[in-house]
Amino acid sequence: MQNPISKHDVTVIGLGAMGGELARALIAAGKKVIVWNRSSDKTRALAEIGAAVAASPAEAIAASPITLMCLWDYASADEILAQVGVKEALAGKVIAQLTTGSAEEAARQAEWLEARGSAFLAGGIMCYPRAVGAPETIILYSGDPAIFEEHSGVLGIVAPAQRHVGSRPGDAATVYTAVWGFYFAAMGGFFDGLALIAGCGLPRESVKEMVAPMAGKFVEGALDVFARLDAGNFAGDQATVAGHIEGLEATCAQIRETGVEPRMLDAFVSQLRVANAVGRGEEDIAAVADSLMAASQRFIPAMPVAPTR
Ligand SMILES: NC(=O)c1ccc[n+]([C@@H]2O[C@H](COP(=O)([O-])OP(=O)(O)OC[C@H]3O[C@@H](n4cnc5c(N)ncnc54)[C@H](OP(=O)(O)O)[C@@H]3O)[C@@H](O)[C@H]2O)c1
């Protein structure tokens, strides 16, 4: 084990399922890594492959220029930042906060850290631990773009396809929520589909072979929505909102007859009804996105603004 007080390249605080993988990937890439975790048992396996183990969060943060924090939630991160010596260790350091939280939590923590001479990047991890370090893996970052640029080498080890999505501290949290939201909604529809297949006594392979083609259809459909939003063209030339409602209500009823609950399709039909209710039944389903986006505009002025550096 290396001496914890020697200079290290990167610190990882929080060695759960995700943080442990982040540390492992950094060590595998040849970085000098120092780690800290509330429960010390999680540091053992990392020490065996070359990590230094700090005795406290303050020692861990002081030991390298950048600290990746990956805790259960922002409240856990706050508890760690409140520990003895941490405030003093923070000056001149970068905290890359990879813990999932809201835009407001990120903005608040950025302000707190910046008041103590530390720079803050918020990261939204777009993968499961198994994909940490894979070429296509993305972590979404927000905060000062110059800080992101300066540390992109070490950050890019864990997520080679990383990207910076905004300079406000909370921007990564917002994009993270938006895109995991559609992933999980799609996963929910897929689970409903598997339940239907099982309920009807069909082999699940019949769905398995359709996963890739339907994922491709989703990409095509989503890109068509962007094109229509950009052009302001919602002509119902392919299929209308009202047509979708009629067809999908019938589909939901048929699924219910098999004893399966079409939870995600029900939710989608209620989204379609939002556009129908404002007179857009004869338009393309991109009008649903347009209606929902118009309804959300009023929240934008309330978004937290990055403190000026
Ligand atoms: N796992 C994923 O697939 C995934 C994907 C995207 C994003 N994320 C995000 O990554 C973060 C970590 O997730 P995870 O899956 O690694 O969770 P996890 O396995 O449950 O690990 C949680 C970590 O937080 C620490 N912790 C919890 N409460 C604490 C407290 N009060 N004080 C100090 N440390 C505390 C735990 O320490 P102990 O070991 O002492 O309990 C552990 O290191 C979460 O914000 C999650 O949303 C995870």
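**Exercises: ligand shell, cores and a helix pair**

Let's begin with the ligand: helix H1 (17-28) and helix H4 (74-81) each give at least two residues to the shell around it. Keep in mind that this is a predicted model.

**Exercise 1.** Work out how many residues surround the ligand, and which are the closest.

*Solution.* Start with the count: 22 residues surround the ligand. Next, pick out the closest, which are Gly16, Arg38, Ser39, Ser76 and Thr100. Finally, sort the shell by class: you get ten nonpolar, eight polar and four charged residues.

**Exercise 2.** Find the residues of the largest nonpolar core that touch the most other members, then list the contacts of valine 158 outside its neighbours within four places in sequence.

*Solution.* The largest nonpolar core has 60 residues, and Val12, Leu22, Ala23, Leu26, Val35 and Val158 touch the most other members. Now zoom in on valine 158: skip the neighbours within four places in sequence, and its contacts are Leu22, Ala25, Leu26, Val132, Gly133 and Ile139. There's also a second, separate core of eight residues, with Phe234, Leu272, Ile285 and Val288 among them.

**Exercise 3.** Describe how helix H11 (residues 211-231) and helix H14 (residues 286-296) pack.

*Solution.* For two packed helices, you give the angle between their axes and the distance between the axes. Here the angle is about 60 degrees, and the axes of H11 and H14 are 9 Å apart. Then add the handedness: H11 passes H14 in a right-handed crossing. Last, name who meets whom: H11 brings Asp224, Val225, Arg228 and Leu229, while H14 brings Ala286, Ala289 and Asp290. By class, this contact has four nonpolar, no polar and three charged residues.

Conventions: Residues are numbered from 1 along each chain as its sequence is written. This is a predicted model: local features need pLDDT of at least 70, side-chain atom pairs count only at pLDDT 80 or more; totals for chains, interfaces and linings use all residues. A residue is near a molecule or strand if its C-beta atom, placed from the backbone, lies within 6 Å of it. Helices (H or I, at least four residues) and strands (E, at least two) are DSSP runs, numbered from the N terminus. Ala, Val, Leu, Ile, Met, Phe, Trp, Tyr, Cys and Pro count as nonpolar, Asp, Glu, Lys and Arg as charged, and the others, Gly among them, as polar. A nonpolar core is a set of buried Ala, Val, Leu, Ile, Met, Phe, Trp, Tyr and Cys residues joined through C-beta atoms within 7 Å. A residue is buried if 20 or more other C-beta atoms lie within 10 Å of its own, exposed if 12 or fewer, and partly exposed in between; C-beta atoms are placed from the backbone. Two residues are in contact if their C-beta atoms, placed from the backbone, lie within 7 Å. Axes are lines fitted to C-alpha atoms, for helices over the stretch in contact, and angles run from 0 to 180 degrees between N-to-C directions. A crossing is left-handed if the near helix is turned anticlockwise from the far one by less than a right angle, and right-handed if clockwise.
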